[in-house]
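Good morning, colleagues. Please have the sequence and the coordinates open while I speak.

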Amino acid sequence: MTYLNNKAVKKNTFDVIVIGSGISGGWAAKEFCDHGLKTLVLERGKDVKHVVDYPTAMMEPWEFEHLGQVPKKLKDESPIASKTYIYKEDSKHFIVKDKEHPYIQEKPFDWIRGYQVGGKSLLWARGTQRWSKYDFEGPARDGFDVHWPIGYDDLAPWYSHVEIFAGISGNKDGLDSLPDGEFLKPHEQTCVEKHFTQKMKEHYHGKRPVIIGRCAHLTDPQPIHYEQGRGQCQHRNLCQRGCPYGGYFSSNASTLPWAQRTGNLTLRPNSVVHSIIYDEKTGKASGVNVVDSVTKKERKFYAKVIFLNASTINTNLILLNSKSSRFPNGIGNDNEQMGKYIHFHSFITGMSAEYDGMLDSKTDGTRPNGSYIPRFRNVKEQETDFLRGYAAGFSANRSPLTNSEGLGMELKNNLNKTEYGNWHVGSHFMGETVPKETNYVKLDDTQIDDWGVPLLRVNVELDDNDMKMAKDYEEQMTEMLTVAGFKNIKANRKTTWNPGLDIHEMGGVVMGTDAKNSLLNKWNQLHHCKNVFVTDGACMTSNSTQNPSLTYMALTARAANYAVEELKKGNL
Amino acid sequence: MERRKAIQTLGLGFSTLLALPSWVNSWSKASFAESNFENEVTLAALVECIIPESETPGAKAVGAHLYLERMVNGCYGTDVKKMFLAGLEKLEKRSSQKYNKAFSELDLEKRTAVLASMKNASEVSDKRFFSFVKNLTVRAYTHSEYYLTTYRNYVMAPGYFHGCVPV
C-alpha cells in the first residue's frame, strides 16, 4: 500500500507547478521548460490548440448566422459577459458564461473571464508598453500604502527578454515616460494622426507626445518567431478569434507549443485548482489540490515550486482558500491584507470628433492598432487636483460611408456608391486608479461552486479621484482636438461602465517592501512561504497607465529565472 | 451566376462548421435547416422593395429575408417580435384595402408604395417597423459576399495598412 502510494505520488510529482495557462502562465512554462525543469501547467478550462481550436478563425463576415450579433438567449444568460466589447458572435465561445461561474457582487464589478488553454491571451487588445521609472516610483511619491520593491532597472532586461520572443511592433520614440523596447517595424500613423501629433508638438512644446501604438504583432517576423511556428501579421483585425498565422502573441501560438517541444511540459486542461497544500514540517508548499472539472474527481499534484498565474482574482481566490493550521486565513496571509488593494484601469470615458481637412486622402487596409497618447499628467510631479494620470488611445480613420438614405433603387444606388465623409476621430481613456484597502475580494463563508470552491465576493468601485481624472481627460482632450482643428467634438461618458470591464484588474496579493503590508517580496515570492510565487496581475502594487500584460510577462520571466537559480542553490 | 453564389453564401455556409469541436455548442443547436421560415414569401417581397433586384442582385438574392426572420427569432425579445408581426399584418391590411391583394402579390411599385406608407404613417409602431426592417435589410445586404467583394474590395486578410493614400 505504501509502495503504491509512493508510486502514485511520484507520478504526480513535478519540479514546478504553474497554475494557469494564460499570458503569464505560458511564460512561466516556457522559462522553466527551457531550463530543463519538469513543469505541470494546470488549466481550469478546456483545451484550445493553436489553429485547430479556433472554430471561427476562417469564417467570412457573411457566414455568421447573426452577422456578428449574439442571440438574445445567450445574452440573457450572461448579462455581465455580454457587456464586454469582446463578447461577439465570433469570439463568445472564449468567454465564461455568467450562469456557469457565479460570483457575488457586493458592488457591481463586471468580472470577464476566459477559461481555456491560453486564457485571455487569445482575446487581449495586444497593447504592450513598458513602464518607466516614474511609474514604479509613483506609489512612494504619492504616499500610497504599499510601495514597489523594484524599479525600472530591475525589469528592463526582462522587458527585452519577453519583447524579443513575443514580437512587439513599435517606434523608438525616445520618451523617458515610456521607455523604448526591442521593436519590430512600427505600424503607420494615418495622415490625420500625423497632423494631430504635429499640432500637439507645436502647441504643447513637446510635452504631450503622440505616438503609434506599441503592440504584440509580428510586423516583421524574425527567425525566433518562425522557430515558434508563427508568421507575419496579415492585418485581418480578427484577433479575438485566435490567429491562424500566430500573427499576434498568445500562449497558444507561442509559449505553450515552445514549452511542449522541450519535452518537459505536461499541460492538464479541465483542472480546477482548489487550494495549495502546505507542509507544516518543511514550512513549504508541497503541491496543489485539483478537482477535475469534468469528472469532479479530486487529485493531488506535487512540486518544489508553485507559480500562481490563474489571473488576478482567481489567484486571490486560490490563495485565500489555501488554509492550514499555520495559515488559517489563506497561505501567506499573516497580515490579512490578501484580497485587499484590488485595483484596475478606469475606461469610463472617451471622445469622438470629425475632421474636414485632408479630404483628398483616406486610409487603406486595416490596422490592428492605433495611435497612443502616453500619460502627460503628474508624470514627474503633482500638477492637478487628482492623483496619478491617464493614457489615451487615439485614432483617425477614413473609410467608405454607408449611405442608407432612401428606399428602393435610390437606397440601392446610395449603398453601392463609394463615398467618403469626414475623417472619424476617436479616443479612449485609460486612467490609473489608486489601490485602496477598501477595494477587495474575499471568499463567501457558506456558498461553494460546482467544484467545491467558495464563491467569490467582490467589492470594488470607482472613487472621486477617478471621476476628477475622467473630467480632466475630457477637458484636456477637448482642448487638444480643438487645437488640431477637429469638429463636432464630443465626450462620451459611459453610464453603464463598471470596474472589471477594463479586464485589467490587478492586486490583492501585492509585491511590497515590507511584509507588514504586502504579501510578496521583490522576487514575487510569498513573504511567508518562499516556494510559492505570484506573477500574474495579482502581484501588481499599482497599475499606472500602461496595458498591463507586458509587465506581467516580464515579471514572470524574471521570477521564473530567479526560482531556477534558487532551486540550483537548494534554497527552495 | 453571381446571384446564385450569393444565395448560397449568406448564412448557408454552415457545412464548414461540421468539424467544430463539441464545446462550440451554440452552432450545433442552431442548424439552418431546422429553422422554420413561416414568413418567407412575404419577407422576400418586403426586402425586395427595400433593395430591389436590377441588373445587379437585390436584398432577396443575398438572402436578407432569411436573415430578417432569423434575427427576429433569435436576437430580440417578445416586444420586438410583436411589433414585427403586427407590422407584417399592417402591410397585408394596407395591401388588401388599397389593392385588394396580398402584399407579396403586388408588383414592386405598389409594394414599395405600401411599405413607404408605413414610414409616413402617424402610428409610432408603423414607423418603428419600417426602420427595423430597413436597417436589418441594409445590414444583410452590406454584409453579403456579393456586396463586400463587389463594392468594398473586401478581403479577409489584406496584409497591409496604408495611413494615407489618395482618394
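I shall go through chain B, the contact between the chains, and then the strands and cores of chain A.

A word of caution comes first: what you see is a predicted model.

Let me begin with chain B. Its secondary structure comprises eight helices and one strand. Read from the N terminus, the order of elements is α-α-α-α-α-α-α-α-β, with the strand at the end. Chain B has 167 residues, of which 33% are buried. Among its contacts with a separation of 6 or more, 61% are between residues 24 or more positions apart.

One helix pair in this chain deserves attention. Helix α3 of chain B, residues 40–50, packs against helix α6 of chain B, residues 108–119, at an angle of about 90 degrees, and the two axes are 9 Å apart. The angle makes α3(B) roughly perpendicular to α6(B), because values from 65 to 115 degrees are placed in that class. On the α3(B) side the residues that meet the partner are B:A45, B:L46, B:E48 and B:C49, and on the α6(B) side they are B:L108, B:R111, B:T112 and B:L115. By class, this contact has five nonpolar, one polar and two charged residues.

I turn now to the contact between the chains. Chain A contributes 44 residues and chain B contributes 46 residues. On the side of chain A that touches chain B, at least two residues each come from α3 (72–77), α6 (191–203), β14 (361–365) and α10 (409–416). That side of chain A divides into 13 nonpolar, 17 polar and 14 charged residues.

Which strand of chain B is joined to β14(A)? The partner is β1 of chain B, residues 161–166; four bridges join the two strands, which run antiparallel. Within the pairing, A:K362 stands opposite B:V165 in β1(B).

Next come three consecutively numbered strands of chain A. Strand β8, residues 271–279, and strand β9, residues 284–292, are paired in the antiparallel sense over eight bridges. Here A:Y278 stands opposite A:A285 in β9(A). Four residues lie between the strands of this hairpin, in which A:G283 takes a positive phi near 75 degrees.

β9(A) also pairs with β10 of chain A, residues 298–308, again in the antiparallel sense but over five bridges. In this case A:G287 stands opposite A:Y302 in β10(A). The hairpin has five residues between the strands, and A:K296 takes a positive phi near 65 degrees.

Finally, the interior. The largest nonpolar core has 149 residues, and those touching the most other members are A:I17, A:I19, A:V162, A:I306 and A:L308. Helix α12 of chain A, residues 549–568, gives the most to this core, with ten residues. If neighbours within four places in sequence are left aside, A:I19 is in contact with A:L42, A:V273, A:V288, A:F307, A:L308, A:N309, A:A310 and A:I318. Another core, of 33 residues, lies apart from the largest one, and among its members are A:L411, B:C49, B:L106 and B:Y147.

Is helix α9 of chain A, residues 312–320, largely enclosed by the rest of the structure or largely open? Nine of its nine residues are buried, so α9(A) is largely enclosed by the rest of the structure. The buried residues of α9(A) include A:T312, A:N314 and A:N316 as well as A:I313, A:L317 and A:I318.

Technical notes
Residues are numbered from 1 along each chain as its sequence is written. Chains are lettered from A and ligands numbered from 1 in the order in which they are written. This is a predicted model: local features need pLDDT of at least 70, side-chain atom pairs count only at pLDDT 80 or more; totals for chains, interfaces and linings use all residues. Axes are lines fitted to C-alpha atoms, for helices over the stretch in contact, and angles run from 0 to 180 degrees between N-to-C directions. Angles under 35 degrees count as roughly parallel, over 145 as roughly antiparallel, 65 to 115 as roughly perpendicular and the rest as oblique. Two residues are in contact if their C-beta atoms, placed from the backbone, lie within 7 Å. Ala, Val, Leu, Ile, Met, Phe, Trp, Tyr, Cys and Pro count as nonpolar, Asp, Glu, Lys and Arg as charged, and the others, Gly among them, as polar. A residue is buried if 20 or more other C-beta atoms lie within 10 Å of its own, exposed if 12 or fewer, and partly exposed in between; C-beta atoms are placed from the backbone. A nonpolar core is a set of buried Ala, Val, Leu, Ile, Met, Phe, Trp, Tyr and Cys residues joined through C-beta atoms within 7 Å. Two strands pair if DSSP finds at least two bridges between them.
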